[in-house]
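Biologist: Before we use any of these terms, could you show me the model and let me ask what stands behind each of them?

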Amino acid sequence: MIDFTSAATDTPGCAGDQVFLDSAGSSLPPRPVLDTVVAHLHREAEVGGYRAAQERAEELEDGYTVFADVLGCSPEEVAFSDSATRSWLSAFQAIPLTEGDRVLITEIEYAGNAIPILRRAQAVGASVEVVPSTASGEVSLPALRELLDERVKLLSLVHAPTNGGLLTSVKEATAAAHEVGALVLLDACQSVGQVECRADELGVDFITGTGRKWVRGPRGTGFLYVKRAVLETLVKENVDLRGGSWTARDRVRLREDAKVFELWEYGVADRLGLVAAGRYMLKLGIPEIYSAVQSIGARLREGLARIDGVRVHDLGERRSGIVTFSVEGTPATEVVELLGRRNVTTTVSSRPSTLIDMSRRGLEEIVRASPHYFVSPQQVDTTLEVVQDIRGGRTSAR
Ligand SMILES: *Cc1c(COP(=O)(O)O)cnc(C)c1O
């Protein structure tokens, strides 16, 4: 079991009386992550970036093994980048797509993925269709099977949406897509770091994720898993001297591993911080993190549901640590602001980020609270009191 007191002691941002409920936005790093990043910046200032990186070459290389352990794959199948979206775009652009092809997305598709999907589909003459959800908000497997045929080249799945506690049944959907030869690209931006997300269990072809959310790494970091068997079938764009080599005046050779998707330049301090975050996560244990987040998230969700005039908006049978809700009579932005005044950090999820789901449910803006394992039950209870006060008009904006 994870002890939230020692987890909080190990988190510089937990030193005051802040209640931090935004790990789905940008979490608080543990001390080893912060120290690693700061120390490397100092070292770069002393000896220059090249020598500083050389000194940490082994750790930078070990980073692939660390994330291979996190993602249940081999180090050759891992690439790093500067964001989840960059990783996602690298994968998406590499998937061959032509006129008449079909792309399937789900109702919880994230705007950052939907925009490139729609634009590229339009450009090449492919179609984009939405797989309907079941009543509980899960992707409907019968509906998916009905939509699948050999023209479907890609199924884009989101493991955990940005706007609520739903967890997608990735394994079953992936197996169905593979039967017709479609590739499966999994956006695991909101799951890696709080929920087990392993390529060897889920069977997906790609996984993309970020450092800054549940992984508790630095901003401006991301990672990508690409299945080895799929790598050679992909169209590699935006390759520089990291992903390829200039072997003769008119000849280049590309790498055969996932690093073909990396660029030569990157923030070394941030990468080291990401690797430190990966190590930290593995040391705590991903199943242990999962049960701690499940328990703290459930306490918050159940407590909110008991408050008169508060509606919880989370879908699905299995839930993540993301809790979304609204308070009758007070707009979400105001609730976030009022919570902030009482030192409770939350954020707003708005319709354009998850357009299909939010539109279907008639939601415009909802409050998102995402407690990690370093949040104590007492802090959740404090949050519930503040929400109760907001509902009762005892904490007002005026
Ligand atoms: C945050 C988020 C992303 C994008 O992450 P970036 O770090 O901005 O690249 C992608 N998908 C989901 C579901 C997200 O919540």
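**Cysteines, strands and a ligand**

Modeller: Let us begin with cysteine 73, whose sulfur is 10 Å from the closest cysteine sulfur, in cysteine 197, which is too far for a bond. This is a predicted model, in which local features need pLDDT of at least 70 and side-chain atom pairs count only at pLDDT 80 or more, while totals for chains, interfaces and linings use all residues. Residues are numbered from 1 along each chain as its sequence is written, and side-chain values use heavy atoms, with hydrogens and water left out.

Biologist: How many disulfides are there by the rule?

Modeller: A disulfide is a pair of cysteine sulfur atoms within 2.5 Å, and by this rule the count is zero.

Biologist: Why is cysteine 73 called buried?

Modeller: Buried means under 20% relative accessible area, whereas exposed means over 50% and partly exposed lies in between, with a 1.4 Å probe and protein chains only. Cysteine 73 has a relative accessible area of 17%, so the residue is buried.

Biologist: Which residues cover the two faces of strand E2?

Modeller: Strands are DSSP runs of E with at least two residues, helices are runs of H or I with at least four, and both are numbered from the N terminus. In E2 (residues 78-81), Val78 and Phe80 are buried on one side, and Ala79 and Ser81 are buried on the other. In a regular strand the side chains alternate between the two faces of the sheet.

Biologist: What makes E2 and strand E8 a pair?

Modeller: Two strands pair if DSSP finds at least two bridges between them. Four bridges join E2 to E8 (residues 222-226), so the two strands pair, and they run antiparallel. In E8, phenylalanine 223 is the bridge partner of phenylalanine 80.

Biologist: In what order do the strands of the open sheet come?

Modeller: Seven strands form this sheet in the order E2-E8-E7-E6-E5-E3-E4, with mixed pairing. E2 and strand E4 (127-131) are the edge strands, since each pairs on one side only. Within the sheet, strand E3 (residues 102-106) and strand E5 (residues 152-158) pair in the parallel sense over three bridges, and arginine 102 has valine 152 as its bridge partner in E5.

Biologist: What makes the approach of glutamine 190 to the ligand a polar contact?

Modeller: A polar contact is a pair of N or O atoms within 3.5 Å; within protein, one must be able to donate a hydrogen and the other to accept it, and residues adjacent in sequence count only if both atoms are side-chain atoms. A polar side-chain atom of glutamine 190 lies 3.0 Å from an oxygen atom of the ligand, so the pair qualifies. For arginine 212, an N or O atom in the side chain is 2.7 Å from an oxygen atom of the ligand.
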